[in-house]
Amino acid sequence: MLKGTNKNSISLVKYQRYFDFHKKLGLYEEFTVLTIKDNLILYGSIIKPILVNHNNNKVVIFCHGVTNNRWSLFYTMHLVLRRGYRVVSYDARNHGTSSKFLTSLGQIEACDLQDIIAYVKRKYQPEKIGLYGFSMGAATCLF
């Protein structure tokens, strides 16, 4: 096992400091989206980078795996933020704080992702949108 990769090595205090710092700078925002398919509520977060560069009007949407939540890909999100991209991460249906309903392992979740993309386009008018998915999240992106 790689050093520092087990779940006991994650410092929740450091996470909280990281997000508190972004909130104080006005770079962190939470949102809710009502799904078109079945009126479920999805909860998510948008984090703007501290770095100002040519990537600031580009967004990467993160889709987590089954049994995880919007923070499970934090290490990868942090790398994207360090390059100046805006990050969107949300709890898929039946995960985290989002509404509880059946999970289809990507197929129905793809419709939810379309709702998230529509919200991001409407609110931020990004230059480009990238998708990053892990496990079920990867299937969601592919569907």
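Here are some friendly notes on this predicted model, taken point by point.

1. **The sheet.** A good place to start is the open sheet, which has five strands in the order β1-β2-β4-β3-β5 and mixed pairing. From one strand to the next, the twist averages 25°. The edges are held by β1 and β5 (128-133); each has a single partner strand, so one side of each is left without a neighbour in the sheet.

2. **Strand β3 and its partners.** β3 runs parallel to β5, and six bridges join the two. Within that pairing, Ile 61 has Leu 131 as its bridge partner, and Val 60 has Gly 130. β3 also runs parallel to β4, this time with four bridges. There, Val 60 stands opposite Val 87 of β4.

3. **How enclosed is β3?** Six of the six residues in this strand are buried, so β3 is largely enclosed by the rest of the structure. Both of its faces are covered. Lys 58, Val 60 and Phe 62 are buried on one side, while Val 59, Ile 61 and Cys 63 are buried on the other. You may want to look at Lys 58 here, as a lysine listed among the buried residues.

4. **The largest nonpolar core.** This core has 15 residues, and the members that touch the most others are Phe 31, Ile 61, Val 88, Tyr 90, Ile 116 and Val 120. At least two residues come from each of β1 (28-34), β2 (41-47), β3 (58-63), β4 (86-90) and α3 (107-124). The biggest contribution is that of α3, with six residues. A second core lies apart from this one; it has 13 residues, including Ile 47, Phe 74, Val 80 and Leu 81.

5. **Val 88 as a viewpoint.** If you want one residue from which to look around the larger core, try Val 88, one of the members with the most core neighbours. Leaving aside neighbours within four places in sequence, Val 88 is in contact with Phe 31, Ser 45, Ile 46, Val 59, Val 60, Ile 61, Phe 62, Ile 116 and Val 120.

6. **Helix α3 on the sheet.** α3 lies across β1, β2, β3, β4 and β5, and runs at about 125° to β1. Its length checks out: at 1.5 Å a residue, the 18 residues should span 26 Å, and the end C-alpha atoms are 26 Å apart, which agrees. Buried in this helix are Glu 109, Ala 110, Asp 112, Leu 113, Asp 115, Ile 116, Ile 117, Tyr 119, Val 120 and Tyr 124. An α-helix has 3.6 residues a turn, so residues three or four places apart point the same way. The cover over the buried residues of α3 includes β1, β2, β3, β4, β5 and α4 (136-142).

7. **Positive phi values.** Three residues deserve a glance in your backbone plot. Gln 125, just after α3, takes a positive phi of about 45°. Asn 94 has a phi near 65° and sits in the loop between β4 and α3. With a relative accessible area of 33%, Asn 94 is partly exposed. Leu 105, in the loop between β4 and α3, has a positive phi of about 60° although it is not a glycine.

8. **Cysteines.** The disulfide count is zero, using a sulfur-to-sulfur cut-off of 2.5 Å. The pair to look at is Cys 141 and Cys 63: the sulfur of Cys 141 has its closest cysteine sulfur there, at 3.9 Å, too far for a bond. For Cys 111 the closest cysteine sulfur is also in Cys 63, but at 13 Å, again too far for a bond. Cys 111 counts as partly exposed at 29% relative accessibility, and Cys 141 is partly exposed at 22%.

9. **Lys 128 at the start of β5.** Finally, Lys 128 belongs to strand β5 and counts as exposed, at 52% relative accessibility. Which residues does Lys 128 contact, leaving aside its neighbours within four places in sequence? They are Asn 57, Lys 58 and Val 59. Asn 57 is 71 residues away along the chain, yet its C-alpha atom and that of Lys 128 are separated by 7.4 Å.

Conventions
Residues are numbered from 1 along each chain as its sequence is written. This is a predicted model: local features need pLDDT of at least 70, side-chain atom pairs count only at pLDDT 80 or more; totals for chains, interfaces and linings use all residues. Side-chain values use heavy atoms; hydrogens and water are left out. A nonpolar core is a set of buried Ala, Val, Leu, Ile, Met, Phe, Trp, Tyr and Cys residues joined through side-chain atoms within 4.5 Å. Buried means under 20% relative accessible area, exposed over 50%, partly exposed in between (1.4 Å probe, protein chains only). Contact means heavy atoms within 4.5 Å. Two strands pair if DSSP finds at least two bridges between them. Axes are lines fitted to C-alpha atoms, for helices over the stretch in contact, and angles run from 0 to 180 degrees between N-to-C directions. The expected span of a helix is 1.5 Å times one less than its number of residues.
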